[in-house]
Amino acid sequence: MMAILPWFTQLFFLILNVFIGIIYSEMCGSVFESKNDHVLVGNIINTSVVADEFECHQKCLGHISCRSFNVHPGGDITKHVCELNNKTRQMKSVDFIEKSGSSFYGQVKVRSPGD
């Protein structure tokens, strides 16, 4: 069961982001990629404590400058540290590093056929 959860969670966020990204993005479409055990450092615009990755994702979508976010485990299983970033890993590849236990989520541009 534990091996299925991370895969299912990533699929859920991918599907959710396709729908939310198309509605809220000024681009043609936007989705978030995810990368476990990685973070983007040095580009943080906001830090907060959240219940899960979904809440952090919602905070990012609600912040005009947010382009990606990191989620770190908190001291308690029901709390996580959410860091909103104003850059993506493609914009600042030198700031994209490995960090065990944390996860990175970043916007990826999606173009319509014919663009």
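Let's start with Ile-97, which you'll find in strand S5; strands here are DSSP runs of E with at least two residues, helices are runs of H or I with at least four residues, and both are numbered from the N terminus. You're looking at a predicted model, where local features need pLDDT of at least 70, side-chain atom pairs count only at pLDDT 80 or more, and totals for chains, interfaces and linings use all residues. Residues are numbered from 1 along each chain as its sequence is written, and side-chain values use heavy atoms, with hydrogens and water left out.

**Exercise 1.** Work out how accessible Ile-97 is and which residues it touches.

*Solution.* Step one is the accessible area. Buried means under 20% relative accessible area, exposed means over 50%, and partly exposed is in between (1.4 Å probe, protein chains only). Ile-97 has 36%, so it goes down as partly exposed.

Step two is the neighbours. A contact means heavy atoms within 4.5 Å. Leaving out residues up to four places away in sequence, Ile-97 touches Asp-37, His-38, Val-39 and Val-41. Take Val-41: it is 56 residues away from Ile-97 along the chain, yet the two C-alpha atoms are separated by 7.4 Å.

Step three is a look at one of those neighbours. Asp-37 belongs to strand S1, and it has a positive phi of about 60° despite not being a glycine. With 35% relative accessibility, Asp-37 is partly exposed.

**Exercise 2.** Stay in strand S5 and describe the surroundings of Ser-103.

*Solution.* First, check the accessibility: Ser-103 has a relative accessible area of 9%, so it is buried.

Next, look for a polar contact, meaning a pair of N or O atoms within 3.5 Å; within protein, one must be able to donate a hydrogen and the other to accept it, and residues adjacent in sequence count only if both atoms are side-chain atoms. The side chain of Ser-103 has one with the side chain of Asn-36, at 3.1 Å.

Finally, list some contacts beyond four places in sequence: those of Ser-103 include Lys-35, Asp-37, His-38 and Phe-69.

**Exercise 3.** How many salt bridges are there, and what does each one join?

*Solution.* Start with the rule: a side-chain nitrogen of Lys or Arg has to lie within 4 Å of a carboxyl oxygen of Asp or Glu. That gives two salt bridges.

One joins the side chains of Arg-89 and Glu-33, at 2.7 Å from N to O. Arg-89 is in the loop between strand S4 (80–85) and strand S5 (96–110) while Glu-33 is in strand S1 (residues 29–40), so this pair ties together parts 56 residues apart in sequence.

Another pairs Lys-92 with Asp-95, whose closest N and O atoms are 4.0 Å apart. Lys-92 is partly exposed at 31%, whereas Asp-95 is buried at 17%.

**Exercise 4.** Which aromatic rings pair up, and how are they arranged?

*Solution.* A pair of aromatic rings is described by the distance of the centres and the angle of the planes. Rings of Phe, Tyr and Trp (its six-membered ring) pair if their centres lie within 6.5 Å; planes under 30 degrees apart are stacked, over 60 edge-to-face, and the rest tilted. The whole structure holds three such pairs.

Take Phe-32 and Phe-69: their ring centres are 5.7 Å apart and their planes meet at 45°, so the pair is tilted. Phe-32 is in strand S1 and Phe-69 in strand S3, 37 residues apart. The rings of Phe-96 and Phe-104 have centres 5.0 Å apart and planes at 70°, so that pair is edge-to-face. Both Phe-96 and Phe-104 are buried.

Now see what joins up. Phe-32, Phe-69 and Tyr-105 form one aromatic cluster.

**Exercise 5.** Which residues make up the largest nonpolar core?

*Solution.* A nonpolar core is a set of buried Ala, Val, Leu, Ile, Met, Phe, Trp, Tyr and Cys residues joined through side-chain atoms within 4.5 Å. The largest one has ten residues: Phe-32, Val-50, Cys-56, Cys-60, Cys-66, Phe-69, Val-71, Cys-82, Leu-84 and Tyr-105. Helix H2 (53–61), strand S3 (68–73) and S4 each give two or more of them. Zoom in on Cys-56, and its contacts beyond four places in sequence include Val-50, Phe-69, Cys-82 and Leu-84.
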